[in-house]
Amino acid sequence: MMGNIGEAEKRGKTRQEISKIDAQTAVLETQRKSEKAQADAQLASTQINLDMGIKLAKIEATRKAESKDAELQRDVEIQRAQTELEARRATDLVHAKIERESKQQEADAKFYGDSKSADGFAYTQKMKAEASYLATVKGADALVYQQKQEAEAAFYRATKEAEAAFVAKQKEADGITEMAKAYGHMSSVLGGPQGLLQYMMLQNNTYEKLAKANAQAINGLQPKITVWNTGENTGASGDATAPIRNILQSLPPLLSTINDQTGIAPPSWLGKLGGQQDVVKAKGEKMVNGN
């Protein structure tokens, strides 16, 4: 009987220990699951924050790039506008400077000439008065003296007039030099002497005057007429290239006439005259026919 009781107590304690261990195991497993759930939640939150940071960084970089591009474009436009404004100011300044200096040179030359002429006239009058006085006092000696004084006065007047003329010419030369400098500046702005010459011819209506002079020169004569035609009938309907062909056909005779009358050749990029007119003509045909 005592052996059964001891055995039963032993089995009871064993079951109690097993239950206790199972309970502790369940508690530990629950704790691990809770910790794992918290770690998973924290990881998901961290991943969301990282994804959001990456997206925000991309958006910010895109906006910065767009802003920088707009700023650069604005700077380019401002620089272009400033360049055009400076070019216009330079042209206006050159014209104003040429006109102002030309007027100043003319005024200075006129003033100097008038001043020297007045001095010479006053000196002449003085010499004549002194000569007349000496003539009445000393007779023949006064006549010789008068002639001498008149000669000296004439020499002095001629000298002053020569000096005035020299100064006037010098002022005129200075004005021409300044104008040459101004034209040199305009030439650099307009791309070279050829550009300056064409600009001045346009400003002075030289082409129009040449056309009128040519018309008057050949009035009543039998001039040599050259007919330029590089294609078929330009009046054909439905020909979309007819306007371009007409323009190209009119350029060679116009440039040839200007070169014959003035010696001015067209720009190198447009074509050459003389022995290379056939080249210009061939290029015109090629551009019109589209071959």
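Q: Helices here are DSSP runs of H or I with at least four residues, numbered from the N terminus. With that in hand, where is the place of N205?
A: Keep in mind that we're looking at a predicted model. N205 comes after α3. Its place is in the loop between α3 and α4.

Q: What is phi of N205 near?
A: N205 is a residue other than glycine, yet its phi is positive. This is the residue that follows α3. Its phi is near 55°.

Q: Is N205 buried, partly exposed or exposed?
A: The relative accessibility of N205 is 41%. Buried means under 20% and exposed means over 50%, with partly exposed in between. Because 41% falls between those cut-offs, N205 counts as partly exposed.

Q: How many helices does the protein have?
A: Let's walk along the chain. Reading the sequence gives the pattern α-α-α-α-α-α. There are zero strands in the secondary structure, and the helices come to six.

Q: How do α3 and α4 lie relative to each other: roughly parallel or roughly perpendicular?
A: Helix α3 covers residues 193–203 and helix α4 covers residues 206–217, with their axes 6 Å apart. They pack at an angle of about 65°. Angles of 65 to 115 degrees count as roughly perpendicular, so that is the word for α3 and α4: roughly perpendicular.

Q: Which residues in α4 are met by residues in α3?
A: On the α3 side, the residues are Q198, M200, M201 and L202. By class, this contact has five nonpolar, two polar and no charged residues. Over in α4, the partners are T206, Y207 and L210.

Q: Which residues in α3 are buried?
A: A residue counts as buried when its relative accessible area is under 20%. One of the α3 residues that meet α4 is M201, and M201 is on the buried list too. The full list for α3 is G195, L196 and M201.

Q: Which elements give two or more residues to the largest nonpolar core?
A: First, who's in this core? V94, I98, A182, M186 and L196 make up the set, five residues in all. The elements that give two or more of them are α1 and α2.

Q: Which residues is I98 in contact with, leaving aside its neighbours within four places in sequence?
A: I98 belongs to the largest nonpolar core. A182 belongs to that core as well, and it is one of the contacts of I98. The whole set is M179, A182 and Y183.

Q: Is Q105 buried or exposed?
A: Q105 has its place in helix α1. Not counting residues up to four places away in sequence, it touches K171, D174 and G175. Its relative accessible area is 19%, and since the cut-off is under 20%, Q105 is buried.

Q: What distance separates the C-alpha atoms of K103 and G175?
A: K103 is found in helix α1, and at 51% relative accessibility it counts as exposed. Along the chain, K103 and G175 are 72 residues apart. Their C-alpha atoms are separated by 9.2 Å.

Q: And what separates the C-alpha atoms of T159 and K116?
A: T159 lies in helix α2 and is partly exposed, with a relative accessible area of 27%. T159 and K116 are 43 residues apart along the chain. The separation of their C-alpha atoms is 9.7 Å.

Q: In which helix is confidence lowest?
A: The mean pLDDT of the protein is 76. Helix α1 has the highest confidence, at 83, but over residues 273–291 the pLDDT is below 50. Where pLDDT is low, the predicted coordinates should not be read in detail. The lowest mean, 44, belongs to helix α6.

Conventions: Residues are numbered from 1 along each chain as its sequence is written. This is a predicted model: local features need pLDDT of at least 70, side-chain atom pairs count only at pLDDT 80 or more; totals for chains, interfaces and linings use all residues. Side-chain values use heavy atoms; hydrogens and water are left out. Axes are lines fitted to C-alpha atoms, for helices over the stretch in contact, and angles run from 0 to 180 degrees between N-to-C directions. Angles under 35 degrees count as roughly parallel, over 145 as roughly antiparallel, 65 to 115 as roughly perpendicular and the rest as oblique. Contact means heavy atoms within 4.5 Å. Ala, Val, Leu, Ile, Met, Phe, Trp, Tyr, Cys and Pro count as nonpolar, Asp, Glu, Lys and Arg as charged, and the others, Gly among them, as polar. pLDDT is the predictor's confidence in each residue, from 0 to 100. A nonpolar core is a set of buried Ala, Val, Leu, Ile, Met, Phe, Trp, Tyr and Cys residues joined through side-chain atoms within 4.5 Å. Buried means under 20% relative accessible area, exposed over 50%, partly exposed in between (1.4 Å probe, protein chains only).
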